[in-house]
Structures are given as structure tokens and as C-alpha cells.
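Visitor: I have a structure open and would like to know what lies behind the labels people attach to it. Could you take me through the reasoning?

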Amino acid sequence: MRPLFTMIDMKPPISRAKMMSVTKSAIKAIKLYKHVVQIVEKFIKKCKPELKVPGLYVVDSIVRQSRHQFGVDKDVYGPRFQKNFTPTFQNLYLCPHDDKSKIIRVLNLWQKNAVFEMDVVQPLLDMATAMMSVPIEILIPNQEVTCHFVMVRCSTPVYTKSLL
């Protein structure tokens with residue numbers, strides 16, 4: 001999985017050749033799939049915000065290739081990635097705001113192509129909707145303020161004044 005570690009120092013966009021190299025390494029290491037998944041999840045957690053979406057593309061590429069090569073019934077990567085989808089996607093949503101639509105696009109493709117079951121993808125889409133900074137009204141004693149929910153790196157909710 002050395003190709004994945006070399007991605008950390010790269011600047012986006014990540015080339016198709018690099019993605020294929022990572023995917024090929026993962027497929028070759030099928031017997032170590034738990035370690036591969038852990039490495040990819042750790043990459044998504046630790047990488048710079050602008051590399052979060054390429055990390056998702058790596059997940060997508062590995063799962064699709066595994067399903068294609070070994071068949072849906074013998075795919076080990078999909079179910080293993082699925083175990084930690086909630087924390088992984090919480091980390092993914094720490095990407096730049098403009099990249100969030102790319103995450104939603106991948107989720108919609110997964111839904112359309114039945115890569116994962118609807119009951120797996122839908123909560124992730126719901127999480128995306130919740131993370132898209134929806135204005136809410138909060139009451140502070142003697143003050144009414146429009147705020148946006150913002151997820152910060154430490155996963156603590158912070159309320160900021162609206163720029164609207």
C-alpha cells in the first residue's frame with residue numbers, strides 16, 4: 001500500500017494512474033484486506049482537507065474493482081469499508097465546501113449502481129445534507145441570532161454568526 005502513502009504529499013488532483021496503482025496494490029493484497037481498509041481509513045482521517053475526496057475515490061475504486069474481479073458475493077472490501085462508514089464519512093465531510101458535492105455524487109452513484117444497499121447509503125446522504133451548513137435560529141438571552149452549524153476538526157459543534 002506504499003502508493004497510498006505517497007498520495008499524502010501530493011497536491012490535488014490525484015492522477016488516474018495513481019488511483020489505479022493504489023487500487024491494484026489493494027487487490028493484490030486481498031489476504032490483508034483488513035489492513036488495507038485500515039490504511040485507507042487512516043489516510044482519509046489524517047490527510048489534508050483537499051485530499052479527502054481523492055481518498056473517497058480510492059475507496060470507490062477498490063470496492064468496484066473487487067466486486068468486478070471477485071464478484072459481489074466474494075467481495076471483502078465493500079463489507080469491511082462499510083463497518084466504519086459513519087466515522088469515515090464524518091472525516092470526509094471535513095473537506096473543502098466545494099468538494100462536498102463530489103461526495104454526494106459518489107453516494108448517488110453507489111445508490112444508482114447498487115454498490116451498497118440503500119439502507120447504507122441513505123444515512124450517509126442524510127449526513128451530507130446535515131453538514132451542508134443549514135441556517136438555524138437560536139435564541140440567546142436578549143438576542144436573536146441566525147447561525148450555521150459548522151463541524152470542526154475535533155468534531156465539536158460550533159455556532160458561528162451567519163454571513164447571510
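Guide: What follows is a conversation about this predicted model, with each label set against its cut-off.

Visitor: Let's begin with the overall layout. What makes up the chain, and in which order?

Guide: There are eight helices and three strands. Along the sequence they run α-α-α-α-α-α-α-α-β-β-β. Of the 164 residues, 38% count as buried, and 55% of the contacts with a separation of 6 or more join residues 24 or more positions apart.

Visitor: How do you know which elements have the lowest and the highest mean pLDDT?

Guide: The mean can be taken element by element: strand β1 (residues 135-140) has the lowest, 45, while helix α5 (residues 77-83) has the highest, 96. For the chain, the mean pLDDT is 81, with 73% of residues at 70 or more.

Visitor: Over which residues does pLDDT stay under 50?

Guide: One such stretch is residues 134-140, for which the model has 21 contacts beyond four places in sequence. Residues 144-164 are also below 50, and this stretch has 50 contacts beyond near neighbours in sequence. Where pLDDT is low, the predicted coordinates should not be read in detail.

Visitor: Now the helices. Why are α2 and α4 called oblique to each other?

Guide: The axes of α2 (residues 16-28) and α4 (residues 52-70) cross at roughly 50 degrees and come within 9 Å. Roughly parallel needs an angle under 35 degrees, roughly perpendicular one of 65 to 115, and roughly antiparallel one over 145. The crossing angle fits none of these ranges, so α2 and α4 are oblique. Their crossing is right-handed.

Visitor: Which residues make that contact, and how do they divide by class?

Guide: From α2 come M19, V22, T23, A26 and I27, and from α4 come P54, Y57, V58, S61, I62, Q65, S66, Q69 and F70. By class, the contact has nine nonpolar, five polar and no charged residues.

Visitor: And what makes α3 roughly antiparallel to α4?

Guide: Again, look at the angle. The axes of α3 (residues 33-46) and α4 cross at roughly 165 degrees, coming within 8 Å. The cut-off for roughly antiparallel is over 145 degrees, so α3 earns that description relative to α4. The crossing of α3 with α4 is left-handed.

Visitor: Which residues does this contact involve, and how many are charged?

Guide: On the α3 side they are V40, F43, I44, K45 and K46, and on the α4 side K52, G55, L56, V58, V59 and I62. They divide into seven nonpolar, one polar and three charged.

Visitor: I62 has come up in both contacts. Is I62 buried or exposed?

Guide: I62, in helix α4, has a relative accessibility of 0%. Buried means under 20%, so I62 counts as buried. Leaving aside neighbours within four places in sequence, I62 is in contact with T23, A26, I27, V40, Y77 and F81. As for distance, the C-alpha atoms of I62 and M20 are 8.9 Å apart, with their positions 42 residues apart in sequence.

Visitor: What about D60: buried or exposed?

Guide: D60 is also in helix α4, and its relative accessibility is 16%. With the cut-off for buried at under 20%, D60 therefore counts as buried. Beyond four places in sequence, D60 is in contact with V106 and W110.

Visitor: Why is Y33 called partly exposed?

Guide: Y33, in helix α3, has a relative accessibility of 23%. Buried is under 20% and exposed over 50%; Y33 falls in between, so the label is partly exposed. Not counting residues up to four places away, Y33 touches V76, Y77 and R80. Y33 and R80 are 47 residues apart along the chain, and their C-alpha atoms are separated by 8.1 Å.

Visitor: One last residue, A114. What makes its phi worth pointing out?

Guide: Its sign: phi of A114 is near 55 degrees, a positive value in a residue other than glycine. Most residues other than glycine have a negative phi. A114 is found in the loop between α7 (100-112) and α8 (118-131).

Visitor: And how do you know that A114 counts as partly exposed?

Guide: The relative accessibility of A114 is 47%. Partly exposed lies between the 20% and 50% cut-offs, so A114 belongs in that class.

Methods
Residues are numbered from 1 along each chain as its sequence is written. This is a predicted model: local features need pLDDT of at least 70, side-chain atom pairs count only at pLDDT 80 or more; totals for chains, interfaces and linings use all residues. Side-chain values use heavy atoms; hydrogens and water are left out. pLDDT is the predictor's confidence in each residue, from 0 to 100. Helices (H or I, at least four residues) and strands (E, at least two) are DSSP runs, numbered from the N terminus. Contact means heavy atoms within 4.5 Å. Axes are lines fitted to C-alpha atoms, for helices over the stretch in contact, and angles run from 0 to 180 degrees between N-to-C directions. A crossing is left-handed if the near helix is turned anticlockwise from the far one by less than a right angle, and right-handed if clockwise. Ala, Val, Leu, Ile, Met, Phe, Trp, Tyr, Cys and Pro count as nonpolar, Asp, Glu, Lys and Arg as charged, and the others, Gly among them, as polar. Buried means under 20% relative accessible area, exposed over 50%, partly exposed in between (1.4 Å probe, protein chains only).
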